[in-house]
Amino acid sequence: MSPRTDVQRAPDAESSHAIYGDVYSIMEMLRMQQPGAVSEAEIAKHEVDLALDGVGHNLRAGDPVLDCPCGLGFQADALAQHKFGPEGSEGSLKITAIDASDASIKTAQERERDVPIEFTQGMFN
């Protein structure tokens, strides 16, 4: 696969990061105050949604994405739910998720999903 040459930095990436920090802080406070009120999967979905607000316009179906360290794979799962490309021919990204913890990878692999994600135990230096 040849490198992408049409990728552009989102003009509002800095503001997206600020919003992301605020939303994440609020969700973390809620989670600490009311255990079980906000799941890891819900937090991951909001993290991915906010990240895609800044860079999602640069992604196309089939583009490779690396989630490292992936932990239990919640961000990879949330990203896999998004479709990219022109309307009518949307597709998923090719997601590879790596984590040093064998237990985390095994847990992530056990969840059922519609889109395949390659989970690998290892380190990324």
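**Close-ups of the core, the sheet and two cysteines**

**View 1. The largest nonpolar core and its best-connected members.** Of the 17 residues in this core, A76, L79, L93, I95, A97, I117 and F119 are the ones that touch the most other members. Keep in mind that this is a predicted model. At least two core residues come from each of α2 (40-55), α3 (74-80), β2 (94-99), α4 (102-110) and β3 (117-121). The top contributor is α3, which puts in 4 residues.

**View 2. Who sits around A97.** Here we zoom in on A97, one of the core residues with the most contacts to other members. Skip its neighbours within four places in sequence, and A97 is still in contact with D67, C70, A76, I105, I117, E118, F119 and T120.

**View 3. The three-stranded sheet.** This one is an open sheet of 3 strands, ordered β1-β2-β3 and paired in parallel. At the edges are β1 (64-67) and β3, each with pairing on one side only. On average, neighbouring strands are turned by 20° against each other, ignoring direction. Draped over part of this sheet is another element: α4 lies across β2 and β3, and runs at about 160° to β3.

**View 4. β1 next to β2.** The two strands pair in the parallel sense over 4 bridges. Look for V65, whose bridge partner in β2 is I95, and for P64, which stands opposite K94 of β2. To get from β1 to β2 the chain goes through α3, and this β-α-β crossover is right-handed.

**View 5. The two faces of β1.** In a regular strand, side chains alternate between the two faces of the sheet. That is how β1 looks too: V65 and D67 point to one face and are buried, whereas P64 and L66 point to the other and are not buried.

**View 6. Two cysteines, C68 and C70, and no disulfide.** The count of disulfides comes to 0. C68 is in none, and the nearest cysteine sulfur to its own belongs to C70, 7.5 Å away. Why no bond for C70? Its closest cysteine sulfur is the one in C68, and 7.5 Å is too far for a bond, since a disulfide needs the two sulfur atoms within 2.5 Å. The surroundings of the two residues are worth a look as well. C68 is partly exposed, at 29% relative accessibility, while C70 is buried, with a relative accessible area of 3%. C70 is also among the residues in contact with A97.

Definitions and conventions: Residues numbered from 1 in each chain as written. Predicted model: local features only at pLDDT ≥ 70, side-chain atom pairs only at ≥ 80, totals over all residues. Heavy atoms only, no water. Core = buried A, V, L, I, M, F, W, Y, C linked by side-chain atoms within 4.5 Å. Buried < 20%, exposed > 50% of the residue type's maximum accessible area, 1.4 Å probe, protein only. Contact = heavy atoms within 4.5 Å. Pairing = 2+ DSSP bridges. Axes fitted to C-alpha atoms, helices over the stretch in contact; angles between N-to-C directions. Right-handed = clockwise from strand over helix to strand, strands pointing away.
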